[in-house]
Amino acid sequence: MLYHRNELKSEIREKPRGGDGTAAFLHLVEGKGATQKYTNLLAEITLPPGSSIGAHSHTEDMEYYIILEGNGKVNDNGTEKAIAKGDVMITGNGETHSIVNTGNDPLVFLAVIIKE
């Protein structure tokens, strides 16, 4: 099954998860049948400079951030770490994380939340 980019749902979220600024979501599989059986989210997210997704926990699921462009910082269970293109952040069941764009260019990443 093929879905063209222009067919996908997009949205802008203000202060996502209590963060700062905005986040642009491009939902890659939302409402696409069997994929929802395994995932809660599969989206390309863009954070403008200074924007962030606030700290949040995962229960009965886990999340991957796959950094495509830009750089920033993640909070991995209370520890801040720098991130850049090519990095992968994994937040397991019961863990907490957040992400902020500390660079001058958009921070673009894939967010994948998989059900446990």
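**Pocket, core and selected residues**

T79 counts as partly exposed, at 42% relative accessibility. This value, like the others below, comes from a predicted model. The residue is found in strand β7, which covers residues 79-84. Between the C-alpha atoms of T79 and H97 the separation is 9.1 Å, and these two residues lie 18 residues apart along the chain.

H97 also takes part in the surroundings of T91. T91 is found in strand β8, residues 88-91. Its relative accessible area is 0%, and buried means under 20%, so T91 is classed as buried. The side chain of T91 makes a polar contact with the side chain of H97, at 3.0 Å. When neighbours within four places in sequence are left aside, T91 is in contact with H58, M62, E63, T96 and H97.

N93 is found in the loop between β8 and β9, the latter being residues 96-101. At 41% relative accessibility, N93 counts as partly exposed. Not counting residues up to four places away in sequence, N93 touches H58, T59, E60, D61, M62 and E116. H58 and M62 are among the contacts of T91 as well. The side chain of N93 reaches the backbone nitrogen of E60 at 2.9 Å. In the other direction along the chain from E60, the C-alpha atoms of N93 and G103 are separated by 29 Å, with the two residues 10 residues apart in the chain.

E60, the partner of N93 in that 2.9 Å approach, is found in the loop between β4 and β5. Its relative accessibility is 59%, and exposed means over 50%, so E60 counts as exposed. The backbone of E60 has a positive phi of about 65°, although E60 is not a glycine. Most residues other than glycine have a negative phi. K15 also has a positive phi without being a glycine, with a value near 45°. K15 is placed in the loop between β1, residues 9-14, and β2. With a relative accessible area of 55%, K15 is exposed.

The interior was examined next. The largest nonpolar core has 17 residues, and those with the most contacts inside it are I45, Y65, I99 and F109. At least two residues of this core are supplied by each of β2 (22-27), β3, β5 and β10. In soluble globular proteins, nonpolar side chains tend to be buried together. Y65, one of the core residues with the most contacts, is in contact with I53, H56, D87, V88, M89, H97, I99, F109, L110 and A111, leaving aside its neighbours within four places in sequence. This list includes two others of the most-connected core residues, I99 and F109. It also includes H97, whose side chain makes the polar contact with T91.

The largest pocket has a volume of about 150 Å³. Its lining consists of R13, P16, R17, F25, L41, I45, I53, H56, E63, Y65, A111 and I113. Two or more lining residues come from each of β3 (39-47), β4 (52-57), β5 (61-69) and β10 (107-115). By class, the lining has 8 nonpolar, 1 polar and 3 charged residues. I45 and Y65 line the pocket and are also among the residues with the most contacts inside the core. E63, another lining residue, is in contact with T91. I53, H56 and A111 belong to the lining and are each in contact with Y65.

Methods
Residues numbered from 1 in each chain as written. Predicted model: local features only at pLDDT ≥ 70, side-chain atom pairs only at ≥ 80, totals over all residues. Heavy atoms only, no water. 1 Å grid on protein atoms, 1.4 Å probe; cavity = no way out; pocket = protein on both sides within 12 Å on 5 of 7 lines; lining within 4 Å. Points joined across faces, edges and corners; volume = space filled by probe spheres on them. Helix = DSSP H or I, 4+ residues; strand = E, 2+ residues; numbered from the N terminus. Nonpolar A, V, L, I, M, F, W, Y, C, P; charged D, E, K, R; others polar. Buried < 20%, exposed > 50% of the residue type's maximum accessible area, 1.4 Å probe, protein only. Polar contact = N/O pair within 3.5 Å; in protein donor to acceptor, adjacent residues only side chain to side chain. Contact = heavy atoms within 4.5 Å. Core = buried A, V, L, I, M, F, W, Y, C linked by side-chain atoms within 4.5 Å.
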